[in-house]
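This report describes the fold and selected local features of one protein chain with its ligand. The sequence and structure are shown first.

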Amino acid sequence: MTKAYLNDAFQQVQARGDKAFVPYIMAGDGGLESLGEKISFLEKAGVTAIEIGIPFSDPVADGPTIQQAGTRALNEGTSLRDILAYLTDIKSDLQVPLIFMTYLNPVYKYGLENFSRDAREAGVSGLIIPDLPIEQADGIIPYLKQEEIALIQLVTLTSPEERIKKIVEASEGFVYAVTVNGITGERSNVNQYLGSYLNRIKKYSHTPVLAGFGISTPEQVKDIGDKCDGVVVGSKIISLWEEGNQEEIEKLAKAGQSKTIR
Ligand SMILES: O=P(O)(O)OC[C@@H](O)[C@@H](O)c1c[nH]c2ccccc12
């Protein structure tokens with residue numbers, strides 16, 4: 001499952017006239033053994049890809065829900081090595097592309113080359129490292145290229161036009177358009193300038209543009225998805241899973257599909 005696999009998944013969504021839906025879950029939250037069950041559930045719910053969080057002690061971009069999920073996972077003793085070994089074991093049962101969302105430190109400690117090799121072995125198609133700006137990614141890029149893993153870049157509301165262009169051109173798989181100034185977590189209202197922000201990004205992008213941060217209802221999934229190529233939902237998925245409300249997760253996953261809701 002290399003980056004071509006991720007690109008194919010987006011192409012299939014686009015060919016159907018649907019929007020991409022990428023949920024985020026924290027590896028090791030509820031015990032690492034539960035990860036396979038969560039992935040299978042989301043795969044059946046029809047998600048485009050799954051973002052898998054690697055627990056880390058100092059998650060600067062994360063709001064309370066994801067921080068707490070990370071703490072629970074760390075308390076379970078979850079390590080990057082265990083996650084990679086676990087996924088390597090179950091990967092033949094999976095079809096949905098997996099994206100790792102990790103801070104730089106765990107990857108750096110593991111070793112850039114070893115990490116890239118083991119991530120491919122574990123079936124990882126893409127990687128998001130929010131604290132690794134594009135200017136500093138030269139150390140890891142050759143290894144990821146060799147293993148055909150996409151390095152997905154983030155654009156933020158404060159990125160100036162020139163920088164948007166640069167980030168978007170360098171991004172692989174998709175472009176992650178962060179829709180709020182601040183940390184992850186549910187928000188009740190959506191930024192009124194979102195449409196023009198997403199249009200600016202789309203103008204330069206050769207890959208799909210997905211919006212994420214603060215999206216938590218089927219209406220938001222649909223409304224924001226309409227303005228770009230799809231959405232990422234993290235905190236809400238984690239809370240719904242905690243509550244045992246899988247039905248609402250299915251609703252979120254279906255909200256961007258043209259044939260079901262519209
Ligand atoms: O939780 P939210 O608000 O739905 O946002 C998505 C997000 O959880 C996920 O993509 C993510 C979790 N941690 C991150 C750190 C940086 C960028 C993105 C993320």
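The sections below treat the basis of the model, the barrel, the ligand shell, two helices and two loop residues.

## Basis of the model

The structure is a predicted model, in which local features need pLDDT of at least 70, side-chain atom pairs count only at pLDDT 80 or more, and totals for chains, interfaces and linings use all residues. Residues are numbered from 1 along each chain as its sequence is written.

Helices (H or I, at least four residues) and strands (E, at least two) are DSSP runs, numbered from the N terminus.

## The barrel

Eight strands form a closed barrel in the order β1-β2-β3-β4-β5-β6-β7-β8, with parallel pairing; two strands pair if DSSP finds at least two bridges between them. Neighbouring strands of this sheet are turned by 25° against each other on average, direction ignored. For such angles, axes are lines fitted to C-alpha atoms, for helices over the stretch in contact, and angles run from 0 to 180 degrees between N-to-C directions. Strands of a sheet pair through backbone hydrogen bonds, either parallel or antiparallel.

Strand β3 (residues 98-101) is joined to β2 by four bridges, and I50 has L98 in β3 as its bridge partner. On to strand β4 (residues 124-128), β3 is again joined by four bridges, in parallel, with M101 partnered by I128. Elsewhere in the barrel, four bridges connect the parallel strands β6 (residues 175-178) and β7 (residues 209-212), and V175 is partnered by V209 in β7.

In a regular strand the side chains alternate between the two faces of the sheet. In β3, L98 and F100 point one way while I99 and M101 point the other way, and all are buried. A residue is buried if 20 or more other C-beta atoms lie within 10 Å of its own, exposed if 12 or fewer, and partly exposed in between, with C-beta atoms placed from the backbone.

## The ligand shell

The ligand is surrounded by 19 residues, of which A61, P130, T184, G234 and S235 come nearest; a residue is near if its C-beta atom, placed from the backbone, lies within 6 Å. At least two residues of the shell come from each of β2 (50-53), β8 (230-233) and α11 (235-243). Helix α11 also lies across β1 (20-26) and β8, running at about 60° to β1.

By type, the shell holds nine nonpolar, seven polar and three charged residues. Here Ala, Val, Leu, Ile, Met, Phe, Trp, Tyr, Cys and Pro count as nonpolar, Asp, Glu, Lys and Arg as charged, and the others, Gly among them, as polar.

## Helices α4 and α5

Helix α4 (residues 80-90) has L80, I83, L84 and L87 as its buried residues. These residues lie on the same side of α4, because they cover an arc of only 95° around the axis, taken from the directions from the helix axis to the C-beta atoms. Their cover includes α5 (104-110) and α6 (112-121).

P106 lies in helix α5 and counts as partly exposed, because it has 19 C-beta neighbours inside 10 Å. Leaving aside neighbours within four places in sequence, P106 is in contact with I54, F56 and L80, contact meaning C-beta atoms, placed from the backbone, within 7 Å. The C-alpha atoms of P106 and P55, 51 residues apart along the chain, are separated by 8.9 Å.

## Two loop residues with positive phi

E148, in the loop between α7 (141-146) and β5 (150-155), has a positive phi of about 55° although it is not a glycine. With 16 C-beta neighbours inside 10 Å, E148 is partly exposed.

F213, in the loop between β7 and α10 (218-226), is likewise not a glycine and has a positive phi near 100°. F213 is buried, because 27 other C-beta atoms lie within 10 Å.

Notes: Contact = placed C-beta atoms within 7 Å.
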